[in-house]
2 protein chains.
Amino acid sequence: MLTKPSHLFDEATRVTAGDSRWQGHTSPDYWAFVGPFGGATAATVLRAMMEHPARAGDPLAVTVNYCAPIAEGPFDLDVRLVKANRSTQHWSVEISQNGGEVATLATAVFAERRPSWSHQPAKMPDARPFEEIRRYPEVAAAWVKQYDFRFIEGRPDFRSNTKSEPQSTFSKLWIADRVPRKIDHLSLMSMSDAFFARIFHARRELVPIGTVSLSTYFHVDADDLAREDVSRVLAQADAKVFHKSFGDQAGELWSPSGRLLASTTQIVYFKA
Amino acid sequence: MLTKPSHLFDEATRVTAGDSRWQGHTSPDYWAFVGPFGGATAATVLRAMMEHPARAGDPLAVTVNYCAPIAEGPFDLDVRLVKANRSTQHWSVEISQNGGEVATLATAVFAERRPSWSHQPAKMPDARPFEEIRRYPEVAAAWVKQYDFRFIEGRPDFRSNTKSEPQSTFSKLWIADRVPRKIDHLSLMSMSDAFFARIFHARRELVPIGTVSLSTYFHVDADDLAREDVSRVLAQADAKVFHKSFGDQAGELWSPSGRLLASTTQIVYFKA
């Protein structure tokens with residue numbers, strides 16, 4: 001009997017259940033420089049909550065604080081439902097390894113979203129079609145190979161640094177899984193960390209960086225996403241400030257139909 | 001002997017120390033409709049970490065999840081240093097009452113920020129001077145009386161709802177403490193929740209709302225703030241989307257000198 005092989009992303013973010021203690025394992029496919037790609041870690045954390053038997057509703061807000069790199073290998077997730085109300089749940093998740101110190105500290109709000117007044121003041125950015133844009137070349141980091149990046153603006157060019165004025169920190173691009181996979185909350189979570197560091201754009205060079213804290217808000221529930229039925233998002237990101245070793249980033253993930261699926265912010269350590 | 005009377009804000013956000021268990025008390029001066037003003041709660045949480053003997057560095061990123069209203073009276077803060085690195089600390093704080101369920105769940109990153117490359121792509125918004133603008137009238141909620149709001153754009157007018165098209169969700173205003181108080185991380189934390197709900201602006205009417213999750217990034221450390229030496233900020237906020245009972249908000253707090261002090265996002269429940 002033929003079974004559908006699971007997507008690398010689902011392999012990479014797989015968790016196995018305990019009561020409050022869950023297990024995961026880092027993936028070489030979503031490896032970054034000194035640890036797993038932060039988006040994969042965030043999606044793993046989110047998956048543990050979504051697959052928890054006590055889960056009700058869909059993810060609304062997730063914050064992931066990256067305390068230390070996760071070492072290659074297995075890790076534990078301590079998953080805790082902190083408070084449940086009639087239609088919202090508050091969760092916390094801690095990732096640790098070898099019974100040791102916490103590597104990742106996350107919180108999330110889940111909600112059973114009810115019909116209401118709807119209004120989207122934000123307008124979808126203009127974009128050339130995905131099919132008309134060349135794929136961004138592969139780069140060294142494994143996780144980058146898992147995505148299909150197609151830049152409309154701010155295509156990375158990190159080798160043209162002339163040590164002159166800072167360059168634009170804005171990027172607009174299509175993001176899809178390299179092997180197409182239907183967009184769900186897990187992939188949105190991961191893609192919200194899939195922008196190249198803003199400082200790379202500002203300085204046109206690679207410098208050591210690490211996301212310290214990431215917050216993503218979901219503006220659609222599972223029913224909305226099922227109806228969108230898409231395998232890529234139009235993404236844009238920009239930075240406001242770099243100062244004393246930290247810079248920020250704010251981003252948006254749009255469905256091709258013009259719906260804002262998620263918005264995200266992060267604060268990033270840099271050495272420059 | 002004359003002692004300087006403490007500011008109402010400092011009274012409202014006072015905490016007393018235990019080991020990991022701290023105590024606070026709600027303040028009638030910063031009361032909202034069904035509980036304390038979320039900004040005061042966030043500042044109280046932040047104060048507990050800042051006054052903790054193990055604290056090193058300045059706040060960099062704070063996320064506060066509002067799980068349930070805090071009832072009038074005393075509350076406990078469970079303050080935990082989750083992970084400390086060479087120059088960053090990761091904290092979590094839970095507020096509960098009467099040994100009962102968690103009302104507030106927060107995480108924070110503190111950092112000893114080192115000199116680095118600095119660059120501020122964001123430009124300070126234009127603004128008429130504070131002194132030239134009339135103060136926004138007092139409204140019913142106690143906490144609003146503690147602030148001096150001076151609107152440049154998006155002055156609230158919640159009684160002109162004609163049930164027609166949604167109106168602008170953008171606001172630009174000066175915010176100061178009513179009794180002047182030097183801006184510090186605590187007041188920035190509180191002011192990051194001091195925007196009126198975006199849905200009030202969109203619909204030009206008051207509807208039941210509640211902040212569910214708030215994240216604020218600080219782009220200055222205590223030295224930077226001491227040098228700014230200001231008692232008001234230029235603030236702006238906007239929303240991207242309202243859908244299925246939740247809407248978002250993104251905001252910025254600027255020093256009068258043109259420096260971005262903090263940026264903030266939140267997700268808000270609404271009934272409409």
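What pLDDT does chain A average, and what percentage of the residues score at least 70?

1. Confidence. Chain A averages a pLDDT (the predictor's confidence in each residue, from 0 to 100) of 94, and 96% of the residues score at least 70. For the complex the predictor gives an ipTM of 0.95 and a pTM of 0.96.

2. Basis. This is a predicted model, in which local features need pLDDT of at least 70 and side-chain atom pairs count only at pLDDT 80 or more, while totals for chains, interfaces and linings use all residues. Residues are numbered from 1 along each chain as its sequence is written, and chains are lettered from A and ligands numbered from 1 in the order in which they are written.

3. Domains. Chain A is assigned domain 1 (15-112) and domain 2 (130-272); such bounds come from an automatic or database domain assignment. The C-alpha centres of these two domains of chain A lie 21 Å apart. Each domain of chain A gives 23 residues to the contact between them, where contact means C-beta atoms, placed from the backbone, within 7 Å.

4. The domain 1 side. In chain A, helix 2 (38-50) and strand 3 (58-66) each supply at least two residues of the side of domain 1 that touches domain 2. Helices (H or I, at least four residues) and strands (E, at least two) are DSSP runs numbered from the N terminus. Strand 3 of chain A provides the largest share of this side, nine residues.

5. Chain interface. Chain A and chain B each put 53 residues into their contact. Among the elements of chain A that give two or more residues to its side are strand 3, strand 4 (74-84), strand 9 (209-218) and strand 13 (260-270). Because 100% of the interface residues of chain A are also interface residues in chain B, the copies meet through the same surface.

6. Symmetry. A turn of 180° and a shift of 0.0 Å along the axis lay chain A on chain B with an RMSD of 0.0 Å; this is the relation of a two-fold axis. The superposition is by least squares on the C-alpha atoms of residues with pLDDT of at least 70 in both copies.

7. Core. The largest nonpolar core has 159 residues, and L46(A), L60(A), I175(A), L46(B), L60(B) and I175(B) have the most contacts inside it. A nonpolar core is a set of buried Ala, Val, Leu, Ile, Met, Phe, Trp, Tyr and Cys residues joined through C-beta atoms within 7 Å; buried means 20 or more other C-beta atoms within 10 Å of the residue's own. Leaving aside neighbours within four places in sequence, the contacts of L60(B) include V212(A), F246(A), I267(A) and V109(B).

How values were computed:
Two residues are in contact if their C-beta atoms, placed from the backbone, lie within 7 Å. A residue is buried if 20 or more other C-beta atoms lie within 10 Å of its own, exposed if 12 or fewer, and partly exposed in between; C-beta atoms are placed from the backbone.
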